[in-house]
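Subject: Structure handover

Hello,

Here is the structure we spoke about. Please open it alongside these notes.

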Amino acid sequence: MKYIIGIGGMTNGGKTTLTNKLVNAFPGCCVVHQDDFFKPQDQIPVGEDGFKQWDVMTSLDMEAMVNTVKAWLENPVKFARSHGIQVSPELEEPDSEEQTHILIVEGFLLYNYRPLIELFSHCYYIVVPYEECKRRRSTRKYTVPDPPGLFDGHVWPMYLKYRREMESSPVEVEYLDGLKTREQLFNQVYEAIRNMLNS
Ligand SMILES: Nc1ncnc2c1ncn2[C@@H]1O[C@H](COP(=O)(O)OP(=O)(O)O)[C@@H](O)[C@H]1O
Ligand SMILES: O=C(O)c1ccc[n+]([C@@H]2O[C@H](COP(=O)([O-])O)[C@@H](O)[C@H]2O)c1
């Protein structure tokens, strides 16, 4: 069986932190990070809000991202090997279709792109309050540093827009409280995935 788990939610909610812990906990588990699919800076236009539009869907090459997830679905063992992930001998067996394979897909805009949504076995969405999100973001170093005013002028309004859009669509997400400790979040999701694999 193949399981694709989405770890979505707002910027600085703790997606990457949780994802890294889960990847370490499930041997052979693969991961796709949405941040790897940002288009080059010169392809990101400036919007009416006066900022480069990094937080909109078109800033990401979603077709390439979906193709990457489909490459994992096609052959999880080959995908793992080509990404330097150690594969246990049982997973290499010819009948490995009967084995359990897990892919974690992590990102801030996972649930607004239909071709990706339909691939998920389960969708998580981490949230923290505005103040905490802004505080964490202010200490974060991105490849392209945030210009002054970006959070309130672009990041937060786009977060609200896409969250509203997601919530009025048929996608079913399970919310996670990003104010819980790293350990609490890990334990919660780890146990839920274990239960899913055993059901
Ligand atoms: N559960 C948590 N409690 C407190 N701080 C956290 C927690 N998870 C992550 N962080 C911190 O918040 C910041 C953003 O975390 P990160 O996992 O990179 O978020 P995201 O991938 O959602 O943008 C980092 O400084 C990280 O150490
Ligand atoms: O990673 C990059 O190249 C990059 C370049 C410009 C901006 N970002 C920011 O990355 C944010 C999403 O990533 P994250 O990890 O905070 O969820 C999003 O809010 C963007 O504003 C990221």
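A residue is called buried here if 20 or more other C-beta atoms lie within 10 Å of its own. Asn 12 has 23 C-beta neighbours inside 10 Å, so Asn 12 counts as buried. Keep in mind that this is a predicted model.

Confidence

The mean pLDDT of the protein chain is 95. Of its residues, 97% reach 70 or more. For the complex, the predictor gives an ipTM of 0.99 and a pTM of 0.96. The usual caution applies: where pLDDT is low, the predicted coordinates should not be read in detail.

Asn 12 and ligand 1

Asn 12 sits in the loop between β1 and α1. Its phi is near 65°, a positive value in a residue other than glycine. Asn 12 is also one of the nearest residues to ligand 1, together with Gly 14, Lys 15, Thr 16 and Thr 17. The shell around ligand 1 has 13 residues. Two elements, α1 and α8, give two or more residues to that shell. The largest share, 3 residues, comes from α1. By class, the shell around ligand 1 holds 1 nonpolar, 8 polar and 4 charged residues.

Ligand 2

Ligand 2 is also surrounded by 13 residues. The closest are Thr 11, Trp 54, Phe 108, Thr 143 and Val 144. This shell divides into 6 nonpolar, 4 polar and 3 charged residues.

Helix α1

Which residues of α1 are buried? In this helix, residues 15-25, they are Lys 15, Leu 18, Thr 19 and Leu 22. These residues lie on the same side of α1, because they cover an arc of only 100° around the axis. The elements covering them include β1 (2-9), β2 (30-33), β3 (101-107), β4 (122-127) and α8 (182-198). Note that Lys 15 appears twice: it is buried in α1, and it is among the residues that come nearest to ligand 1.

Strands

Start with β2. Its side chains alternate. Cys 30 and Val 32 point to one face and are buried. Val 31 and His 33 point to the other face and are not buried. β2 runs parallel to β3, and 4 bridges join them. Within this pair, His 33 stands opposite Glu 106 of β3.

β1 and β4 also run parallel, joined by 5 bridges. Ile 5 has His 122 in β4 as its bridge partner. β4 pairs with β5 (residues 174-177) as well, in the parallel sense and over 4 bridges. There, Tyr 125 stands opposite Tyr 175 in β5.

The loop at Ile 44

Ile 44 lies in the loop between β2 and α2 (62-74). Is Ile 44 exposed, partly exposed or buried? It is partly exposed, because 17 other C-beta atoms lie within 10 Å. Leaving aside neighbours within four places in sequence, Ile 44 is in contact with Lys 39, Lys 52, Gln 53, Trp 54 and Ser 59. Trp 54 links back to the ligand section: it is among the residues closest to ligand 2. Pro 129 is 85 residues from Ile 44 in sequence. In space, the two are 28 Å apart, C-alpha to C-alpha.

Best wishes

Definitions and conventions. Residues numbered from 1 in each chain as written. Chains lettered and ligands numbered in written order. Predicted model: local features only at pLDDT ≥ 70, side-chain atom pairs only at ≥ 80, totals over all residues. Near = placed C-beta within 6 Å. Nonpolar A, V, L, I, M, F, W, Y, C, P; charged D, E, K, R; others polar. Buried ≥ 20, exposed ≤ 12 C-beta atoms within 10 Å, placed from the backbone. Arc of directions from axis to C-beta. Contact = placed C-beta atoms within 7 Å. pLDDT = per-residue confidence, 0-100. Pairing = 2+ DSSP bridges.
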